[in-house]
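Work through the exercises below with the sequence and the three-dimensional structure at hand, trying each task before reading the solution that follows.

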Amino acid sequence: MKQISQKIKIEPNNIQKTYLNKCFGCKRFAYNWGVEQYNENIKKGMFKNGYDLKKQFNSLKREKFPFVYDVTKYATQQPFIHLNKAIKDTLKKGGKPIELAFKKKSNNESFYIGGDQIKIVTKPHSNKQYIKIPLLDKPIKLTEKIKYDGKILSCTISHIYSIYFVSFTFAISEEELLNKKAKLAIFKEKALGIDLGVKSALTLSVPFSIHLPEGIKRESKKLIKLSRQLDRKIHPRTKGDQTKKSKNYLKASFRLAKKHLRILNMKTDFIEKVSSVIVKNFDFICMEDLNVKGMLKNHHLARAISEVSFYKLKEKIHSKCDMVGKYFLSADRFFASTKICSNCGNYNSQIKLSDRKFICDNCNITIDRDFNAAINLYNYLIKKVGRVTAEFTLADLTALIKDFDVNRLSTSKVETRNQHNFYINL
Ligand SMILES: [Zn+2]
């Protein structure tokens, strides 16, 4: 049995929206209640984990927080699991319990429901699918069909502003998995190193790079404009401000939500397609370890990262590799793929983020920085796997480019190709 998930947009009516918003609120309330208790406990020198706090909450809720009975029990149970994890994480770092932060209300929240409490209903005349969740009379409409036959283990309902989604987790059988495998035909054994960067989103160790679709950049600019417009509309600006949200504010917030969604969809589309083509064409794949937190401290990189969502891309490639039985390797965090010369192995600590070209003092080659890193990752992979892989021929490259073209991804054959030849001629 394997787990697989599918995210679908849902269309709740107003009553259902109110209910879902209540669920988000109750989840946040339960979590923050737990945080408050935890913080007070450690001030007193006591320690209770998330499960103890959950018991305490459950014994109090009937009397003190009767409103939690208006929503599914999962909305107030799951947060304590998250809380327990958060407590564990803080203990890992310092060893001493430290105070936790409260969760703020945001435009992007979610809650979990176990598979035992949900049901999929198909209306016979229209053949449309609906999801039935506890304490709601009418089921909520799904905008897409469910792709998998497997048992639904759980679902997570989330929203971005006023657009709602459900993400199902299915347990699927080996048989269904085999069908998926057949779709991703396996070629010859080929290895690939992938470097993620600012200039082009992905640089492959075969002389080839993939750029971010122009559309994402364009829409991101529009998003900034829309959020400025939203801020100008009448709405409460501080906590306790009695100003009502104006009609124009609500309209503008809907426009903003739609834009957010559009960008999200474009990114998801990009990630799905790129990962499919890569996993289809290669059997051994190596990517660098993404210390995203460390990378986000650097502002130049931060924008590019949030635009591409490297983390998601890596996860996707990894999970697709696992699914079809291909080999995925994440390079060691301390493997300096950008600082080593891919030709002679000389270590150049002088190279800065702003340098687009890698120049080696030892063997004097000049090579695109990202391409250099991709080749280093490739070499790293070959060392780890320890087996000879088939050479990537020009015909293979043509096929690969064709695959990308079919998927309408913005790509380029870049100068790296010439550099590659030059590099090989050395
Ligand atoms: Zn060198």
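**Exercise 1.** Determine which residue just after α1 takes a positive phi, and check the length of this helix.

*Solution.* In this predicted model, the residue to find is G45, which follows just after α1 and has a positive phi of about 85°. Turning to the helix itself, α1 covers residues 14-43, and its 30 residues, at 1.5 Å a residue, should span 44 Å; since the end C-alpha atoms of α1 are 43 Å apart, the expected and the actual span agree.

**Exercise 2.** List the buried residues of α1 and state which elements they pack against.

*Solution.* A residue is counted as buried if 20 or more other C-beta atoms lie within 10 Å of its own. By this criterion the buried residues of α1 are Y19, L20, C23, F24, C26, K27, A30, Y31, W33, G34, V35 and Y38. They pack against the helices α2 (50-64) and α3 (74-94), and also against the strands β2, β6 and β7 (163-172).

**Exercise 3.** Work out the strand order of the open sheet of seven strands, and explain why β2 and β3 each have one side without a neighbour.

*Solution.* The order is β2-β6-β7-β1-β5-β4-β3, and the pairing is antiparallel. Because β2 (108-114) and β3 (119-122) stand at the edges, each has a single partner strand, and one side of each is therefore left without a neighbour in the sheet. On average, neighbouring strands of this sheet are turned by 35° against each other, direction ignored. For β2, the antiparallel pairing with β6 (residues 151-160) runs over seven bridges, and S110 has S158 in β6 as its bridge partner.

Technical notes
Residues numbered from 1 in each chain as written. Predicted model: local features only at pLDDT ≥ 70, side-chain atom pairs only at ≥ 80, totals over all residues. Pairing = 2+ DSSP bridges. Helix = DSSP H or I, 4+ residues; strand = E, 2+ residues; numbered from the N terminus. Axes fitted to C-alpha atoms, helices over the stretch in contact; angles between N-to-C directions. Expected span 1.5 Å × (residues − 1). Buried ≥ 20, exposed ≤ 12 C-beta atoms within 10 Å, placed from the backbone. Contact = placed C-beta atoms within 7 Å.
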